[in-house]
Each structure stands twice: as C-alpha cells, then as structure tokens.
Amino acid sequence: MTYCGLKLNLLLVFDVGYMRTLWYVIWVEVLGKFASILVPAVVYRVPLRDAVALSFIMIAQGIVEIAAYHNDFDKQALLQQSLISKKPLAICLQVTNIVFFKSFRFSAPYYVLSNDTLSLLPLPLKAQTIDRDTFTALIESVLGIATMSYVVVRFIHDYSRRYTGYQKRNILHTAYNSDLRVVVCAHRQDDALAAIKLLEISSPATGSPIAVYALNLVELVGRTSPLLINHGLGQKASVIGSRSQQMIDVFHSFEQHQSGFASVQVFTTMSLQKFMHHDICSLPFDKLASLIILPFHRKWNQQGKVVFDSNILRNVNRQVLEMAPCSVAIHVDRWKVHYESSGTRLQFHVGVLFLGGDDDREALAYGKRMAKSLGVHLTVVRLVAVDVTAENHWDTVLDIETLKDIKIQSSTQKNIAYREEKVKDGPESALIANAMEEAFGLIMLQLAAIFLVAQSLHLLLRRFHLPRIVPEILAGIILGPTFLGQIPYFTDTFFPEEGEVFIQSLSKIGFVFFMFLIGVKMDPSIASKTGKKAWTIGVFSVVLPVLFGLGMSSVLDPMVIVYRRPALRSVIGVQTLTPFAVVACLLIDLKIMNSELGRLALASALISDLLSTIVSTLLSIVRLGFAGWTSALLLKSLLFTVAFIVIIVFVMRPALLWIIRQTPEGKPVNGGYIVVIAATVMMLAIVSDNLGLQYQLGPFILGLSVPDGPPLGSTLVERLDSLTTGLLAPLLLAQCGLKVNLWAVYDKSFMFLIWIVFVVSAVLKAVATLIPAYLCNVPNKDAFALSVIMNAQGIVEMSSYLNNFVGQTIDNEIFAVAIMSVLVMAIVSTVLERLIYDYSKLYRGYQKRNIVHLPYNAELRILACAHRQDDAMAALKVLEASNPSKESPVGAYALNLVELLGRASPLLINHDLGQRASYGGTRSQQMIDIFRYYESQHPGSVNVHVFSSISLPRFMHHDVCSLALDKLASMIILPFHKKWNYQGQVVFHSTVIRAVNLQVLDLAPCSVGILIDRRKLRRTSPAPSLYHVAVIFLGGDDDRESLAYAKRMAKSSGVHLTVIRMVALEDSVGGEWEFMLDSESLKELRLQSSQPGNVVYREEKVRDGPDTAMRVHAMVDHGFDLILAGRRHRENLPQLSGITEWIELPELGPIGDILSSADIDKPVSAIVVQQQLVQVLRVRLSGRHATDIQAGNLRKAHRLQT
C-alpha cells in the first residue's frame, strides 16, 4: 500500500472533467452497494442501526482493491495511447473496470490477492485500462471509503451488545422436536454435578435430544497465556486426574447414561476474571445455544450454612447477563441441603412462579419441556394481583396464550398442576415462593404423620390379629376430615389439595409394585394342581355374582335418581370382584397360603380374577362397538392386548429364566438385574394404561411369569417387599382414608340402599362359593372358611373406588360408605377365618395323596429326605425296589436338609433351574450325583428333581411338608434318627432329626414312611439276585398303606414279597368296617400266593403283644432285606396287648419300635408307614350302603363313605 502511495501525484491532474465523471461513477457505485445490503437487512428484520453498520462493513475497501488497481496500472502496453488519444473506447474500458472493482466483493484474505483470483476477471479487463489520473482517483476513493467505514461503524455499533443478537436463541422459540443446545458453566465439580441433575430432568429423548457444551472456567494465574481447550479433539491429557479431567468424566458419564438422547462437548477456558465473560458468551454464540446455565456464587452445606461465597463469580454472572447471545439461567444449588441423604428420588418436583413477562414465559417453556418426562411433576403457580385488573396489552396477551396449554394439560395429565394465587404485594409473593421451596418438607411431614399414626394403630391392634390394611385405613380417616380435619386450618396446612398429587403419585407406584410382588409370590400352576375343584369354584364365583349384579342393577335403577344410577352400577360392579391379590394378602396374613385350603382358595381366586378380567375386557369392547367405534379399531385394540400378554409370557419369562441360569446356586441375583426388572415393571404399567387396560395388569402378569422361590423370586421379594408393602402401597389406603368424611353423609336413604347392596353381594358371593365347594366334597368347615376368604376385600377394591371417585362416578358420600364397607369386610373376614381354621391341620388335605388310592399306571411321587449321604443311599435302595417302569413311572423328589448356621438367610434351592454351582465338591453336589445316577439307570421311567433346604431345625418340617404338597407327592420318606456301624453299634443319634420327623408326621399332606437303615450290618458278600420284602399286617389304614406300597414293589421280578398277617386267637371280628377293608386289601394277595410266583401270604395266630414281638424277631432272623409295617393300629388290639405301654419311640408305633430295637444285629431295614391324614366328609351308612357291603362291593362302599 505504501508503494502505491509513492506513485501518486495529486498535482498532475490534467483532465478535471474526466476526473469529476470518474468520482461520480465511484460514489454512485458505492451508494448502490450500500442500498443493496441495507434493503434486504431491513426486510429480514435486522435492527436499523445494525443494518446501517452492516452496509458500511460490506462497502469497506482496502488492500484487495488497491492491489487490483495497481496490477492494471503497472502494465505499460497502452499507457501512451491512453494518455494521448483519450479515445471514447479507452474511457469506456476504464469506467467499466472501475465499476467492476467497485461492485466486486473480494473473498480472499485481507493481505493476499492471488493471481488466480485476478485471472477470473473478464478478458477485456486484463489489458491496462487505468492511467495515472484514474489510478490516483481510485486510490483516493479507497482511502476515503476505508476511513468513513471505520469511523461510522465504531460510532454506530454498541460494543456492550456485541453478543446480543436479533435471532431467537431461546427455549420459548425452540421446537420440542429439535435439539436443545445448552452451555453449562462450572467453576467447581459441585457446579457440574448440580447442572447434570438439572439436565437429567430436561426430558432428553430420541425426538428431542440435548446438546450440552460444558465449559470449565479456570482463573488465569501468573503469566500464563489465555487458553481455550476443546477436549473433544482427542489430545492427550497434560495432567492425569486434574480438575478438568474430573469434569470431563462427570459429563461423559451423563452422556453414556443418556445414550442416544444427549451429546456432550467439554471445553476448558483459562483466562483472567475480567475477560471470562467473553469466553462464556462467545461459545454459545458460536454453537447457537439456547440457554446458558451459570452457577450461583454461593454454596450451602447439609446444615444450610453458607460455605462458599465468591464476588468474582457474581461479577462474571452479571457481565454474562448483560452480554449473553441467548437465554441465561443462574442455578441456585441447594442439593446438599435436602437430597444427599435421601437417596434416589422417585419423582422430581418442579415449580414455576409466573408473574408474566418474557423471562417468566422462558422459565415456563423450560418447565414444560421438563414435564415431558414421566419422572417430573410440574406445578405452575401464577401470582395475580388482587387490586389490578388485567390490561389488554401485548404482554398480557402473550402470557395468557402461553398459559393456555398448561391449563388444559393440568386437567388431562397427572404430572402437571396449575393454580392461581391472589397476592396483595411483594412480601405475600415471597411467602408463596418460600412455600413452594418447602413443598418437599411438607411431603416428608405428611408421610411421617401417616406412618406414625398407622404404625401406632398397628401396634395397638395386632394383639387382635387384625390385618395391616385396617390400621392404614384408620390412619387416613383419623388424619382426614372425619377427625383431625375438624380442627380449623389443619387440612389446609398439612394436607392441602395441591399437595395431593405427590401422595397420589407415590401411592400409584406403590400399588404397581405391590401387584407385581403379589404375582411373584404366587405360583400360577396351582390352578392345574388343584383340579376340577378350583375351576368349579372359580367359575361359579364369577358367573353367579355377575348375573345377580346385572339383575340387581336392572331392579334398583328405577328406584334411584338418574344421576345416582352410574354410582350404583359401579358399586355393584366392584362388589362382584374376587381379586386374586386380596385373597393372597389375606392368606399371607393368616399364614395358611401353603395349606390345602389356601391353595384351593388361591387357585379359585386366580381363575375367578382371570375370567372376570376377560369378561370385562370383552364387555368393554362390545360397549365401544355400540358407541360407534369401528370394528377394525376394536380388533386392533384386542390384538394389541393379546400381543402384550404374549410378549410378557413368551419373551420376558425366558429372559427371567436366563437371569436365573446366570446366578450361582445359593447366591442372590445380581442387583443390576433387579434394577432392570423394576424399570420393566414401570414400563409395563405405562403400556397397560395406554392399551386401555388396568395399569397394574401388566406388572401383575410379569410377576406371575417370575419363577417363584429362589433365586429370582425370593431376591425380588427381599429387595422390594419392605419398600413396597411397608412404605408405598399403604399410601393408597391412607389416601382413601384421607378423603373419607363421615360427617358429610346426608342422603341416608340412598346410603342405606348401598349398605343393602354390600350385604346382599357378600351373602351371594358366599353362596356362590359354598355350593360348588359342597358339590366337590370339600368339608363343611373348610367350605365355609373358603367362602369367607373369597369374600375378603382390600386394596384392589379401594383402588377401584378411588378411580371411580376421581372420575366423579361416585361422590363423597358413596366413597365414604364404600371405604367403610371395605374396612368392615377386612375385619370380619380375618376374625371369622381365625376362628374357623384349625392351624394344627395346616398341610392336611381332603384330596387323597397316598399309595392306596393311586392307580398302578399313575406316577408314584416320592419325596426322599436326606440329612447325610447315607440317608440318600438308603432311600435310593428303596426307590430301586419301587418297580419304576414306563407303565408305572416313579417321580423322585430328593430334598437335602441342611441346618442353618450363623446369620444366613433360610433358602430353598432348586437344582433343576440350570444355575451355575457356587462351589464344587459340596455335599449337595454329591446328593445330586447319587440321584442323577439313579435316573440314568432307568431312562424314561424315573424323573428326579433335587432340592436343598437350608433352614433352622424348628422350621425344617415346613419345607418338607410344603414341598410335598406342592409336588403332589404320595409319600414322604424320612431318615431314622439313629445309625449303626458294621458291628451293630449306634454311631449316630440326633434328637434334632427326631423332632423334625415328629413334626412332619403331625402335619404331612400325604403318607409318611420313616426308613430305619441297617444296610451296613451286612457282611461283604455277593449281591443277592432277589430283594426280599416283608409286610407285617395287623390291620388299619397304615398297614393297608404299607401293603399297597409292597404290592407295587412286587410287580418287579427282582422283588420277593412275603405278607404275614397276625391274627388274634380269640378275635371274633364279624362285620366291622375296618375288618372288611382289610380283607378286601388282602384278597388279591391270597389269590397270587396260591399260584407259583414271587408273592407269599400266610396268617399266624398270636395270643398277645409279647407273642407278636417274638414273631417279628423271627422274621428279622429270616433274612429279609426290607420289612414294612404300619405305625398306628386300633386301640385295644389283642395282638399288641402288653407291649404298647413299653414303646420308647411313639413315632414308630409298637411294631416299628420293635424293628428299631438295639437287639437286632441283622442287616434288615424297615419302613414304618403312616397313611395320609385326610379330612373327609363322613356320611352315615344307609341301608343301601350296608347292602353294598354285604354284597361284597367294598370298593363302591368305600367311595360312598369318603
């Protein structure tokens, strides 16, 4: 440029007219460029001041133009001709060249003009068309325009607003389906963690992602140069573990957690405090961010004390607020005051104080975006002045328009609430703001009050054995308007209406997990195990109440006012329900879930609940069809429902089984799987609700799909049960109680009618259970107990009434009466059931589970218990002699009983689930190998299932009996509590095992055999070709059971059976019933023994008990391998007179006591059998029954008797 100035000579200007024309052309062209930029800028709504500045910037000239002019001036080809001739063509070319350069906007760098750029000029302009006068004028014009542009732009542009734009970069004008760009500033790691918690609730989703630009602000110290580092470039960290690296890790952890929903870029700026705001503002300006989040300059600890206060941060925040190119939020972080000790929150509560204006509308837009997340509850409070009427200006119109959709959403969406507060002045507004900050504290106070009252009532009422539902409902009633609500301002202060949404949300979450856990605790296969009884009772308990309910509704409808009819129908509909969850809860409270009665009640309730769900779904579809819905839409809804259930059963259940296989035996399931299952439960609740089903149905079906017991079922119950049943689910009951106002019942005639409906429905449901139970030969006492159980009411009915109340189908009066009816039914059903049920018969059933009544071609299911490896070997020998074949298979259920030591939890392990062994070579593995070997020796005829029970000895009998009841076993084989060595000396004696045996004999749901093992007394000799079995038969149920087992063994060619019947010399039994049954049982054996074979039958006359004992010892010396005998006999039996008084072991009976005597030194084992204790319907023998007996039709007579 200096070189060009050297060539100027302002004194050598000869053609003044030409120069005037040239200057005219230059300024016309400059003004044209100015106008061509100003007009479109104004059209696009660029502020006028900025549009003028932009025009001056765009017409600025400099080194590029000077270089172009100089390039033409240096060419000497036409210089003389141009100066001398001044032909019109030359002048035209010069003007054209000038116009071109004035209209050309150079894009090359300021200090370079490449030859390539000049080569793009039109061909005529490549020749020299500029003389010295023209060159001088052009250089002067460049000088003038450059000076003018610089001065005008500096004068017009406001440097304090250098980042303030006129493009809308805020949340209010950001579409929800576009990405939200946020710049997060952090001075400390606390700032980053607080910002991330804010970002997590900003509703990141696939259709609405979040782009986070994290800026770590570091104050420059010393002489280090300012620096802006982009950590996304993959450079190596200069200092490992630095604060910047910690920030990077924090934000990248957030990005991984929100995979696919959020992108994160981390920057670090090192600058002086007075320039730090420039770095903050330039980054969002460059990234087109909509929001800058700044940390507040103060920090608090858990006690609420200020522990950090920085004026530097405050100054930075103020400068950013003045210059920011987008919206700015100052985040006042108080997380440590409340949340750090409370753990993970189930729902995040956001409040928006709205007074009107741009900033409030922006805050509301951010709050609405947060409310798109299901985990966020938004409360918008608009503060309206009392004495000022709304003015009809633009700001008010915008406020009303912004709040319009919030008002609509608050009535349709459960996580959005809107209310208006009248305020007089600023202090009153401050009080409302403080109240919103204390909302969380109010929730904690409400929860504390509910649980304190409920637990106090439970401690008071538990001595009366009332269920937990009673004190929880009463707690709500006491805290509600019925009692404490009568105190002025009590309800408005502690339980305001706007705070109901928090308890309501928590109670629904609790109810969802409650239904899921009920499903987990249940085994749906019980419906098939209980047979036709459960199906008959279940179908009757649905059909009769539904039919009667429809009839009752048609009869009562004309008797009530029109607006009362929907409420009446709703009450009748709820009363016809028999919820499975309520029945299950009652049985758990009564501790009879594993009893025969409990299993029948569970199966009946499950069938009834499933049928009622199917019927109600079909009725809903039909009702929608009559309402005008298209058949295609209805079919689509039905298909979606079926697909939903199929996915749970056939996709999610295999996934649950896979989790079990990944869990080592005896170990709990990994916590990560539990979290995934809990999230799946919530997802299924949402899907169920969207499909139009009850929102708890999906979680309940998933719970039924979880294999009950360990490891998965027990771990889920252990992890979730305390929180759910102890904390969340009771909130639903308390919430219902809080809405009950017994003082607001005015329409007494209608309420009386409602009570009649309750009573009639209860009686009808009882009859609907009693009739089929009686037809299925359920004992009268159990049938009545079953009808009481099926009439129970609880949390499901409460939820139904609450939904109807919220939907305004029923009013306050009906709701109060309905809740009181549930409370009464819960108390009555529990009290009656405890009075009726006999807990000493917990596992005793009325289904025949013994060998006598088992068809020969049916599977013989035997539960073999073992404390030691010797017990397993002895039981295996008996099972081998049980004649397993394809026509008569054997189902062996081996139970390894392990005493619980230390503080470990009780455990029942199913070794068939394919779990990984937790450690090798254990005693359980040895047991498994023994029984698996037995199964491999009899392919197709033996099914082996191995379990291990780890529990305290005083509870061990419950594991034995419940497993036998669950697997429908016909016999339990228990090991004797004594063991002998090869010399016949007792080497093992356990009072613990004897106590377990005694308890099993009292409670067993099937027949029981105590195995006395003397195999070790056998000297080493070749294995005998035949297994010699003997039966000592004196008569009675137990002897007939042992005989039936021996007859099954005798079907094998490898077994030789000898039956010896001890007959008294002076016994003259004629037509006694037991004698008839004994004779019928021996009839077949007499025929077989008369023919050559492996069966021998003989009768021996004995005088008394000592004579019988001598005959038994003679049998022992005879060389039998196994002797079977019954435990119990008729009283005053002559064959046992004189020895019953000297029995040492009552659990073995007189014959068994002899077989366990220490005097025996022969290798003969014995099984002492007790037949199943059955509760039967005894009927008096009529003349027709007696005729059957006299005609010899004993089997038919026996069926009639039982």
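**Helix packing and cores in a predicted chain**

Let me begin with one helix pair: T680, V681, L684, A685 and S688 of α27 are in contact with L697, G698, P699 and L702 of α28, where contact means heavy atoms within 4.5 Å, and where helices (H or I, at least four residues) and strands (E, at least two) are DSSP runs numbered from the N terminus. Sorted by class, that contact of α27 with α28 holds six nonpolar, three polar and no charged residues, with Ala, Val, Leu, Ile, Met, Phe, Trp, Tyr, Cys and Pro counted as nonpolar, Asp, Glu, Lys and Arg as charged, and the others, Gly among them, as polar.

Before going on, I should say that this is a predicted model, in which local features need pLDDT of at least 70 and side-chain atom pairs count only at pLDDT 80 or more, while totals for chains, interfaces and linings use all residues. Residues are numbered from 1 along each chain as its sequence is written, and side-chain values use heavy atoms, with hydrogens and water left out.

Two packed helices are described by the angle between their axes and the distance between the axes. For α27 (residues 671-690) and α28 (residues 697-705), the axes come within 7 Å and cross at roughly 135°; axes here are lines fitted to C-alpha atoms, for helices over the stretch in contact, and angles run from 0 to 180 degrees between N-to-C directions. The two helices α27 and α28 are therefore oblique to each other, given that angles under 35 degrees count as roughly parallel, over 145 as roughly antiparallel, 65 to 115 as roughly perpendicular and the rest as oblique.

A second pair is α29 (residues 712-738) with α32 (residues 795-806), whose axes come within 10 Å and cross at roughly 50°, which makes α29 oblique to α32. On the α29 side the contact is made by A729, L732, L733, Q735 and C736, and on the α32 side by I795, M798, S799 and L802. These residues of the α29 contact with α32 divide into seven nonpolar, two polar and no charged.

Now the cores. What residues touch the most other members of the largest nonpolar core? In that core of 122 residues, they are F516, L712, L716, Y801 and F815, a nonpolar core being a set of buried Ala, Val, Leu, Ile, Met, Phe, Trp, Tyr and Cys residues joined through side-chain atoms within 4.5 Å. Its largest share, 13 residues, comes from helix α20 (residues 500-521). Leaving out residues up to four places away in sequence, L712 touches L656, I659, I660, V669, I674, I677 and V706. Another core, of 50 residues, lies apart from this one, and L863, A964, I1010 and A1166 are among its members.

Is V960, in helix α36 (residues 956-966), buried or exposed? V960 is buried, with a relative accessible area of 0%; buried means under 20% relative accessible area, exposed over 50%, and partly exposed in between (1.4 Å probe, protein chains only). The C-alpha atoms of V960 and I972, 12 residues apart along the chain, are separated by 8.3 Å. By contrast, Y774, in helix α30 (residues 748-775), counts as exposed at 55% relative accessibility.

R849 sits in the loop between α33 (812-836) and β12 (860-866), and R849 is buried, with a relative accessible area of 8%.

For the whole chain, there are 43 helices and 24 strands, and 49% of the 1202 residues count as buried.
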